[in-house]
Amino acid sequence: MSDMKPSDPGIPDRSTASLGDMPAEDFRVTAHEAVDWIADYLDSVGDYPVLSPLQPGEIRASLPAEAPEAGESFDDILRDFREIVIPGVTHWNHPAFHAYFAVTGSGPGIIGEMFSAALNVNAMNWRSSPAGTELEELTTDWLRRLLNLSEQFDGHINDTASVSSLVALAAAREKYLPEARQDGLFGAPRARIYASEEAHSSIDKAVVTLGFGRSGILRIPTDDEFVLRVDLLREAIERDVAAGVRPVALVATLGTTSTTSVDPVNEMADLCEEFGMWLHVDSAYAGVTAMVPEFAHHFEGVNRADSFVVNPHKWLFTPVDCSVLFCRNPDMIRAAFSLTPEYLSTPEMDVGRNLMDYGVSLGRRFRALKLWFVLRYFGAEGVRERIREHCRMARTFAGRVDAAPTWERVAPVPFSTVVFRYAPEGLAGEEQDQLNMDLMDRVNSTGQAFLSHTRLQGRIALRLAVGNLRTRQEHLDRTWHLLQEAAREDGGAP
Ligand code: PLP
């Protein structure tokens, strides 16, 4: 075997053409079909069951356990896509998707994603993708201006807010525990990062990943409106300092995941200045509303933060994944992550930006393209109007909850998410929790709406988020009707 030559009869004679990619003409025909399918899908996505009705394991069981030995026709591949994959999809683009945070993979965003897949560039350094690098600089700077962040903030794109927060906290570690990069955390003073009880779990993950351990994060209690209590935060920091623990960072959440509450950034910035800490603002969902003048008051003080994360893939109509991290001191990010092996050094190294210096991964997708398409297609005013309308629909829904004697709203509605529960008289505690979970499951199993839940101060509450471009008042009317019907079926008053 080892001394076989290409002319040996044991090696099949293939023309090099048959070893190439899909022929251009086949690609053209199939891609046209695919685009037709996508256009029809987007147009009729509201007719699909929003939550996949399949049981765990069903999708895998319907497909072969092994990859095909011989290539297959696209007809066969697309048939399985339609018949097996699509029924297993929970439709985030559905107008009645109200779970978690509602999102949209918009037309311009999808087209941007298609082009970035076609170009397939890897924006590691400037040379490997000049346009990928510079469009990322330009687009994040457009967004910075729209969000009214000061020009000191420098933006770059990550896949998710989890990674953006990890990068921000790595920069904080670099600034306030600089010895960690060389020597690790062994022997370093114990360090602490503070965030509210309502901060996203990605902050804990980042803290653990960075080596601070679970005890490296202290969750600070919130008030009745789920806002971090600065008085308790100060006490905690003072206690730590007295015990020799080094405060490294505060995380303020502007738009918490459960209730979209807004932490007091200005007061937290005061503490950061007093004690020497990094201020990271997690505004993954609500950050885009900084574009809308009526919401500007929620963002007072953000220009005092060291870093700010917002996810265009949440409420800026950009397909997953796209998270922008703005940082006032990008040197700290580079100090934490820059490490250039010889094969990646280039003459432009010190002139152009090298995105590989901004996080863990070397390779980077051309994500800026879809965000650039989205911002250009809708325009700032188009985005603002859409956000306003989503918030208006959410307030109308909240008004219905408020007016219904057997339902209660459990948090203010600063943006487009309503948190509420069914609370008929005489029902409390775990019984009420169970009933709410049952109602939610009943609504979700209709396939006509999808809600999610959370736990607040120990009790279950339901969440309805508005953020999809196809959502209209009629979808919310329908969801409210489904909830009332579910309550009636349960023998309660709607
Ligand atoms: N931060 C907040 C406030 C969130 O609500 C979420 C997710 O909903 C995240 C971070 C994590 O986002 P990602 O999925 O982009 O990591």
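Two strands are said to pair if DSSP finds at least two bridges between them. With that in hand, welcome to this predicted model. Two open sheets give a good way in: one of seven strands with mixed pairing, and one of four strands with antiparallel pairing. A ligand is also present, with 13 residues surrounding it.

**The seven-stranded sheet**

- Reading across this open sheet, the strands come in the order 1-7-6-5-4-2-3, and their pairing is mixed.
- Strand 1 and strand 3 stand at the edges with a single partner strand each, so one side of each has no neighbour in the sheet.
- On average, neighbouring strands here are turned by 20 degrees against each other, direction ignored.
- At one edge, strand 1 (residues 154-158) pairs with strand 7 (residues 323-327) in the antiparallel sense, over five bridges.
- Within that pair, H156 stands opposite L325 of strand 7.
- Strand 1 is mostly covered, with four of its five residues buried.

**Strands 4 and 5, and the helix across them**

- Strand 4 (246-253) and strand 5 (278-282) are listed among the elements that the buried residues of helix 8 pack against.
- The two strands pair in the parallel sense over five bridges.
- Two places to look along this pair are A252, whose bridge partner in strand 5 is V281, and T253, which stands opposite D282.
- Five of the five residues of strand 5 are buried.
- W278, H280 and D282 point one way from strand 5, while L279 and V281 point the other way.
- Helix 10 (265-275) lies across strand 4 and strand 5, and runs at about 170 degrees to strand 4.

**Helix 8**

- The buried residues of helix 8 (residues 201-209) are S202, I203, D204, A206 and V207.
- These buried residues pack against helix 6 (161-176), strand 2 (191-196), strand 3 (217-220), strand 4 and strand 5.
- Just after helix 8 comes G211, with a positive phi of about 95 degrees.

**The four-stranded sheet**

- This open sheet has the strand order 8-9-11-10, with antiparallel pairing.
- Its edge strands are strand 8 (407-409) and strand 10 (452-456), and each of them pairs on one side only.
- Neighbouring strands are turned by 40 degrees against each other on average, direction ignored.
- Strand 8 and strand 9 (residues 417-422) run antiparallel and are joined by three bridges.
- R409 has F420 as its bridge partner in strand 9.
- Helix 14 (residues 429-445) packs on the sheet and touches strand 8, strand 9, strand 10 and strand 11 (459-465).
- The direction of helix 14 makes about 30 degrees with that of strand 11.
- Helix 15 (residues 473-489) lies across strand 8, strand 9 and strand 11, running at about 130 degrees to strand 8.

**The ligand and its surroundings**

- Of the 13 residues around the ligand, the closest are A161, S162, T257, D282 and N311.
- A polar backbone atom of A161 is 2.8 Å from an oxygen atom of the ligand.
- In the side chain of D282, an N or O atom is 2.7 Å from a nitrogen atom of the ligand.
- K314 places a polar side-chain atom 3.2 Å from an oxygen atom of the ligand.
- Taken alone the ligand exposes 400 Å², and the protein buries 86% of that.

**Backbone details to look for**

- Most residues other than glycine have a negative phi, and most peptide bonds are trans.
- T260 is not a glycine, yet its phi is positive, at about 65 degrees.
- T260 sits in the loop between strand 4 and helix 10.
- T260 counts as buried because its relative accessibility is 0%, and buried means under 20%.
- Beyond its neighbours within four places in sequence, T260 is in contact with F101, G255, Y285, P414, F415 and T417.
- N120 is another non-glycine residue with a positive phi, near 50 degrees.
- N120 lies in the loop between helix 4 (107-119) and helix 5 (130-146).
- N120 is exposed, its relative accessible area being 63%.
- From V320 to D321 the peptide bond is cis, with omega near 10 degrees.
- D321 belongs to the loop between helix 11 (312-315) and strand 7.

Technical notes
Residues numbered from 1 in each chain as written. Predicted model: local features only at pLDDT ≥ 70, side-chain atom pairs only at ≥ 80, totals over all residues. Heavy atoms only, no water. Axes fitted to C-alpha atoms, helices over the stretch in contact; angles between N-to-C directions. Contact = heavy atoms within 4.5 Å. Near = heavy atom within 4 Å. Polar contact = N/O pair within 3.5 Å; in protein donor to acceptor, adjacent residues only side chain to side chain. Areas by Shrake-Rupley, 256 points an atom, 1.4 Å probe, with all protein chains shown as cover. Buried < 20%, exposed > 50% of the residue type's maximum accessible area, 1.4 Å probe, protein only.
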